[in-house]
Amino acid sequence: MLGGGPLCTAQSAARSLPVRTLAAVRAVKKDKKGGVEEVKKEKRPIQDKDRHKPFGKTAWAPVDDVFILKHYPRTVYGAAEAIQMLKRFQLLDFTPHNQPVYVDLKLDMKLEKKKKIEPFVSTVHLPHPFKTAVNRVLVFTEDPNQAREAQENGAAAAGGAELIQQVLEDEISADFYLAVPEILPKLLPLKNKLRKKFPKSKRGTVSTNIPKTLELFKTGHEYLVEGDCYIRTQIATLNMTTEQISANLQTVLMDVCSHRAPSAGMCTHTQGHAR
């Protein structure tokens with residue numbers, strides 16, 4: 001500006017300089033067809049074990065009895081310690097001594113190439129059963145000898161197609177429905193009635209070995225995967241010993257691991273908690 005006004009050309013020019021941002025170039029590699037494939041940088045988990053405090057937290061542990069939870073890492077307890085805490089809380093809260101103990105599991109169901117393990121249902125023999133009543137089991141077979149064998153081994157009812165109408169009209173009901181493979185086509189009218197209880201090979205309720213299958217389902221404990229990756233099932237009652245509850249928990253965890261894909265290797269980590 002000419003005259004007596006201030007000279008501000010240099011300062012204005014400095015302010016109006018363009019701001020340049022530099023981005024890191026991602027590594028690329030060529031595939032067999034000559035195309036360019038982007039290589040994603042592997043994310044490295046933050047290791048907190050050698051830090052004086054956890055990443056993003058105030059400290060490893062609070063020094064007072066009253067504190068804000070989000071400022072400290074979540075405390076993780078072992079199974080035996082968690083069970084002992086539940087027993088102490090039961091005395092303080094005056095809750096029933098035989099209240100149920102549940103385990104909540106979140107499973108990693110992912111496989112290679114965007115595939116995943118389908119939700120499953122399983123039945124296991126717990127080393128320390130918490131139920132006093134025996135499960136009612138109905139067996140479908142048109143072989144008189146198999147029907148007699150089923151009843152001798154504790155089946156609530158056994159028979160062929162004549163039982164279908166009785167089940168539809170709620171004259172007969174059971175906790176589990178077993179069937180031999182030959183009679184399955186005749187049981188299709190029961191699909192909508194029984195829904196998840198309809199005999200299926202995947203659930204182990206279709207078999208030719210009736211005594212062995214009956215033994216499992218009369219006293220077995222059933223659990224299933226819900227919501228694609230969650231298992232919530234009772235494993236004991238709180239008046240059982242810590243060793244008994246731990247043994248039941250271990251049995252369920254081992255059975256869950258048996259459903260892993262062979263390519264996934266051994267089961268080394270399962271995220272869950274008892275309550």
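This talk goes through the overall make-up of one protein chain and then three of its salt bridges.

To be clear at the start, what you have in front of you is a predicted model.

First, the chain as a whole. The protein chain has 275 residues, and 29% of them are buried. Its secondary structure consists of seven helices and ten strands. The exposed surface comes to about 20,300 Å², with 54% of that supplied by carbon and sulfur atoms. On contacts: if we take those between residues at least 6 apart in sequence, 61% join residues at least 24 apart.

Now the charged pairs. Side chains of opposite charge can pair when their charged atoms come close. How many salt bridges does the model contain? The count is five. I will cover three, including one between two strands.

That one is Arg232 with Asp104, at 3.7 Å from N to O. Arg232 sits in strand E9, residues 230-237, and Asp104 sits in strand E3, residues 100-106. The two are 128 residues apart, so this pair links distant parts of the chain. Are the partners buried or exposed? Asp104 is buried, because its relative accessible area is 13% and the cut-off for buried is under 20%. Arg232, at 45%, is partly exposed.

Next, Glu142 and Lys186. Their side chains form a salt bridge with an N to O distance of 2.9 Å. Where do they lie? Glu142 is in the loop between strand E5 (137-140) and helix H3 (144-152). Lys186 is in the loop between strand E7 (176-179) and helix H5 (191-194). The pair therefore ties together parts that are 44 residues apart in sequence. Glu142 has a relative accessible area of 46% and is partly exposed. Lys186 is also partly exposed, at 44%.

The last pair for today is Lys193 with Asp170, at 2.6 Å, N to O. Lys193 belongs to helix H5, while Asp170 is in the loop between helix H4 (162-168) and E7. Because of those positions, the salt bridge ties together parts that are 23 residues apart in sequence. As for accessibility, Lys193 is partly exposed, with a value of 35%. Asp170 is exposed at 54%, because exposed means over 50%.

To recap the three pairs: Arg232 and Asp104 join strands E9 and E3, Glu142 and Lys186 join two loops, and Lys193 and Asp170 join helix H5 to a loop. That is the end of my part.

Conventions: Residues numbered from 1 in each chain as written. Predicted model: local features only at pLDDT ≥ 70, side-chain atom pairs only at ≥ 80, totals over all residues. Heavy atoms only, no water. Salt bridge = Lys/Arg side-chain N within 4 Å of Asp/Glu carboxyl O. Helix = DSSP H or I, 4+ residues; strand = E, 2+ residues; numbered from the N terminus. Buried < 20%, exposed > 50% of the residue type's maximum accessible area, 1.4 Å probe, protein only. Contact = heavy atoms within 4.5 Å. Areas by Shrake-Rupley, 256 points an atom, 1.4 Å probe, with all protein chains shown as cover.
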